[in-house]
Amino acid sequence: MASKGPVWYQLYLLGGREAAEAAIDRARTAGVSALVVTIDTAVSGLRERDYRNGMKELTGWNPFAKIPFLPQFLASPRWLTSYLLDGGLRELPNVVIPGQGPMPLTDVATALGQSAITWNDFAWIRKVWSGPMIVKGVLTGDDALRAVDHGAGAVVVSNHGGRQLDHVAASLNALPEVVKAVAGQVEVLMDGGVRRGSDIVKALCLGARAVLIGRAYAYGLGAAGREGVARALEILKADFERTLKLLGCVSVAALDESYVSRNSVSQHWESVTSVGRFTAQ
Ligand SMILES: Cc1cc2nc3c(=O)[nH]c(=O)nc-3n(C[C@H](O)[C@H](O)[C@H](O)COP(=O)(O)O)c2cc1C
């Protein structure tokens, strides 16, 4: 099993400021070492697959709305049984609405839309959380500097895995601008699209201190629970090490921009970044 490491708490303002303050309090009591404040989720993105799969109907209260989606359930009886035995649809125990209790999962999209974070919110967040703060969802040098001004000790260059603003820049392409802008004042992390060791290598070459993963671990979780997450991490680690060896790079610290080449596909499209030392040494 993976060893225990520091635990961060990711904050949304779902349920309002009072609920967020209570959540921060509980995170502190639980020994959380850093607060991650996500800034790219003013509303939920347009998740077209959620419409197709009937996410709203299946998680809603109206039993008749579920009827068109029943074949999906009936086709997976084992999954359905274990889902129901496991308690069915969850509440969010980390979002406790004062006077009401944990927020039902069904309310999340509406609550997100009512709870956009602004730079002004950082003043009260800093008052209730004096520990390390990481601002996640930065894609420009200007926003990174603003996050630093508002007390961030690190920023995460993230496009939310491409699940928020359609046609937004790839995190990897936004990374060099952010690294340049913060000029070593704070740590720069990156996420979005990390599926292989070479994705991690590219991010580190372009100045990230580390990467975060979303779906790569979630796929492992879906396939095999806790062991699946450990396996997903092992696969990434092995592939990362393999990539370093294939590059002939002796250490993580030695990774730099000379190991990647950035080619412009056309003047209007995002550039693609490939791994490999193509320039003369
Ligand atoms: C199912 C799912 C739930 C997520 N929930 C959150 C969340 O609650 N807060 C947050 O900051 N990001 C959330 N994200 C975004 C991830 O933290 C991360 O930015 C993104 O998934 C990275 O891209 P990747 O999935 O390609 O690794 C979520 C992503 C997925 C796939």
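Eight salt bridges are found when the whole of this predicted structure is searched. Three of them are described here, followed by a buried arginine that lacks such a partner and by a pocket.

One of the salt bridges joins Asp-25 to Arg-28, with 2.7 Å between the closest N and O atoms. Both residues belong to helix 1 (residues 16-29), and because they are three residues apart there, about one helical turn separates them. Asp-25 is partly exposed, at a relative accessible area of 42%, and Arg-28 is likewise partly exposed, at 37%.

A similar spacing recurs in helix 11, where Glu-234 and Arg-231 are three residues apart, about one turn of the helix. These two side chains also form a salt bridge, and their closest N and O atoms are 3.1 Å apart. Glu-234 counts as partly exposed at 45% relative accessibility, as does Arg-231 at 46%.

The pair formed by Glu-187 and Arg-209 is a salt bridge whose closest N and O atoms lie 3.0 Å apart. Glu-187 sits in strand 7 (residues 187-191), while Arg-209 is in the loop between helix 10 (197-205) and strand 8 (210-212), so this salt bridge ties together parts that are 22 residues apart in sequence. Glu-187 is partly exposed, with a relative accessible area of 35%, whereas Arg-209 counts as exposed at 56%.

Arg-47 offers a helpful contrast. This residue is found in the loop between strand 2 (34-38) and helix 2. Arg-47 is buried yet has no salt bridge. The nearest side chain of opposite charge belongs to Asp-50, at 5.1 Å, whereas a salt bridge requires the nitrogen and the carboxyl oxygen to be within 4 Å. The side chain of Arg-47 does, however, make a polar contact of 2.6 Å with the side chain of Gln-164.

Asp-50 turns up again at the second largest pocket, where Arg-49, Asp-50, Asn-53, Met-55 and Thr-59 are the lining residues that lie nearest the centre. The lining comprises 38 residues in total. Elements that each give two or more residues to this lining are helix 2 (48-52), helix 3 (55-59), helix 4 (70-74), helix 5 (77-85), strand 3 (91-97) and helix 11 (215-247). Helix 5 provides the largest share, five residues. Sorted by class, the lining is made up of 16 nonpolar, 11 polar and 11 charged residues. The volume of the second largest pocket is about 1,200 Å³.

Conventions. Residues are numbered from 1 along each chain as its sequence is written. This is a predicted model: local features need pLDDT of at least 70, side-chain atom pairs count only at pLDDT 80 or more; totals for chains, interfaces and linings use all residues. Side-chain values use heavy atoms; hydrogens and water are left out. On a 1 Å grid over the protein atoms alone, a cavity is a set of points where a 1.4 Å probe fits but cannot get out, and a pocket is an open set with protein on both sides within 12 Å along at least five of seven lines; lining residues have an atom within 4 Å of a point. Grid points are joined across faces, edges and corners, and a volume is the space filled by probe spheres set on the points. Helices (H or I, at least four residues) and strands (E, at least two) are DSSP runs, numbered from the N terminus. Ala, Val, Leu, Ile, Met, Phe, Trp, Tyr, Cys and Pro count as nonpolar, Asp, Glu, Lys and Arg as charged, and the others, Gly among them, as polar. Buried means under 20% relative accessible area, exposed over 50%, partly exposed in between (1.4 Å probe, protein chains only). Lys and Arg count as positive and Asp and Glu as negative; His and the chain ends are not counted. A polar contact is a pair of N or O atoms within 3.5 Å; within protein, one must be able to donate a hydrogen and the other to accept it, and residues adjacent in sequence count only if both atoms are side-chain atoms.
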